[in-house]
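Colleague: I have a new model open and little practice in reading one. Can you walk me through it?

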Amino acid sequence: MQPNLGPGEDFQLLLERQVREMQSKAAALNEALSTAGATVRTRDGSVTVTLAPNGALTNLELGHRACELGPARLTATIMGAVRDAQRQTARAVADSFATINGDSESTEMVRSFLPPDPPPDGDFAAPENAETTPPPPPAPPSPPSAPRRRPSADDRPDDESNPW
């Protein structure tokens, strides 16, 4: 395949022009990707997460309501906010790539890795399997245990490193 040379152009000039175009695209992509992170705050304001363009968690803020949620609900709220921020960040990265490269095969490949959208009107603070998993049966009461006694001096091994 012959390169598409204009009148009076030689191959070296064509390559230099293509290199400049690629460098310009790379700089534009770098700039776009550097701003592709996301910050997400939950509806109730209990959790705010910030992700870098690569998906790394860079900040986690717990609001006053966070302590009222309890451990399980707070964990689910944090994870839901992180997943939402990951989706936003991935979409911003893919959109930046598409802006620079256009709708090409490589752009479609990048978009194929986007995380799926959440179910409509889902409360991400609730566990995802709350409706499908029945609660575990209550544990049977444990029998009263006998009081523990400390071993007498005769029962203990002769070990100087044992503080008891």
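Modeller: Gladly. Start with the core. The largest nonpolar core has 12 residues. They are Ala 38, Val 40, Val 47, Val 49, Leu 51, Ala 66, Leu 69, Leu 74, Ile 78, Ala 81, Val 82 and Ala 85. Keep in mind that this is a predicted model.

Colleague: Which elements give two or more residues to this core?

Modeller: Strand S1 (38–41), strand S2 (47–51) and helix H2 (71–101) do. H2 gives the largest share, five residues.

Colleague: What is the general idea behind a core?

Modeller: In soluble globular proteins, nonpolar side chains tend to be buried together. Now take one core member here. Ala 85 is in contact with Ala 38, Val 40, Val 49 and Leu 51, leaving aside its neighbours within four places in sequence.

Colleague: Let me step back to the whole chain. How many helices and strands are there in the chain?

Modeller: There are three helices and three strands. Write them in sequence order and you get the pattern α-β-β-β-α-α.

Colleague: What share of the residues in the chain is buried?

Modeller: Of the 164 residues in the chain, 19% are buried. The chain exposes about 12,800 Å². Carbon and sulfur atoms supply 57% of that area.

Colleague: And contacts between parts that are apart in sequence?

Modeller: Take the contacts between residues at least 6 apart in sequence. Of these, 50% join residues at least 24 apart.

Colleague: Back to H2. How many residues does H2 have, and how far does it reach?

Modeller: H2 has 31 residues. From its first C-alpha to its last it reaches 45 Å. That is close to the 45 Å expected at 1.5 Å a residue. Look at what comes after the helix, too. Gly 102 follows H2, and its phi is positive, near 75°.

Colleague: Show me a residue inside H2. Is Ser 96 buried or exposed?

Modeller: Ser 96 lies in H2. Buried means under 20% relative accessible area. Ser 96 has 11%, so it is buried. Leaving aside neighbours within four places in sequence, Ser 96 is in contact with Leu 29, Ala 32 and Leu 33.

Colleague: Why does Val 93 count as partly exposed?

Modeller: Val 93 is in H2 as well. The partly exposed class lies between the 20% and 50% limits. Val 93 has a relative accessible area of 22%, so it is partly exposed.

Colleague: What does Val 93 touch?

Modeller: Not counting residues up to four places away in sequence, Val 93 touches Leu 33, Ala 36 and Pro 53. Check one distance as well. Val 93 and Ala 32 are 61 residues apart along the chain, yet their C-alpha atoms are separated by 7.8 Å.

Colleague: Now charges. What is the general idea of a salt bridge?

Modeller: Side chains of opposite charge can pair when their charged atoms come close. A search of this whole structure finds five salt bridges.

Colleague: Which residue forms a salt bridge with Arg 65 at 3.8 Å?

Modeller: Glu 68 does, with 3.8 Å between the closest N and O atoms. Arg 65 is partly exposed, at 38% relative accessible area. Glu 68 is exposed, at 61%. Add Asp 44 to the picture: Asp 44, Arg 65 and Glu 68 are linked in a network of salt bridges.

Colleague: Where do Arg 111 and Glu 108 lie?

Modeller: Both lie in helix H3 (residues 105–111). They are three residues apart, about one turn of the helix. Their side chains meet in a salt bridge, 3.6 Å from N to O. Glu 108 is partly exposed, at 45%. Arg 111 is partly exposed too, at 29%.

Colleague: Does the story of Arg 111 end there?

Modeller: Look at Asp 103 next. The side chains of Asp 103 and Arg 111 meet in a salt bridge of 3.5 Å, N to O. Asp 103 is exposed, with 68% relative accessibility.

Colleague: One last feature. Which residues make the nonpolar surface patch of about 270 Å²?

Modeller: Leu 57, Leu 60 and Leu 62 make it. Leu 62 is found in strand S3 (residues 57–62). With a relative accessible area of 49%, Leu 62 is partly exposed.

Terms used:
Residues numbered from 1 in each chain as written. Predicted model: local features only at pLDDT ≥ 70, side-chain atom pairs only at ≥ 80, totals over all residues. Heavy atoms only, no water. Core = buried A, V, L, I, M, F, W, Y, C linked by side-chain atoms within 4.5 Å. Buried < 20%, exposed > 50% of the residue type's maximum accessible area, 1.4 Å probe, protein only. Helix = DSSP H or I, 4+ residues; strand = E, 2+ residues; numbered from the N terminus. Contact = heavy atoms within 4.5 Å. Expected span 1.5 Å × (residues − 1). Salt bridge = Lys/Arg side-chain N within 4 Å of Asp/Glu carboxyl O. Areas by Shrake-Rupley, 256 points an atom, 1.4 Å probe, with all protein chains shown as cover. Patch = residues over 30% accessible without salt bridge, like charges linked within 9 Å, V, L, I, M, F, W, Y side chains within 5 Å.
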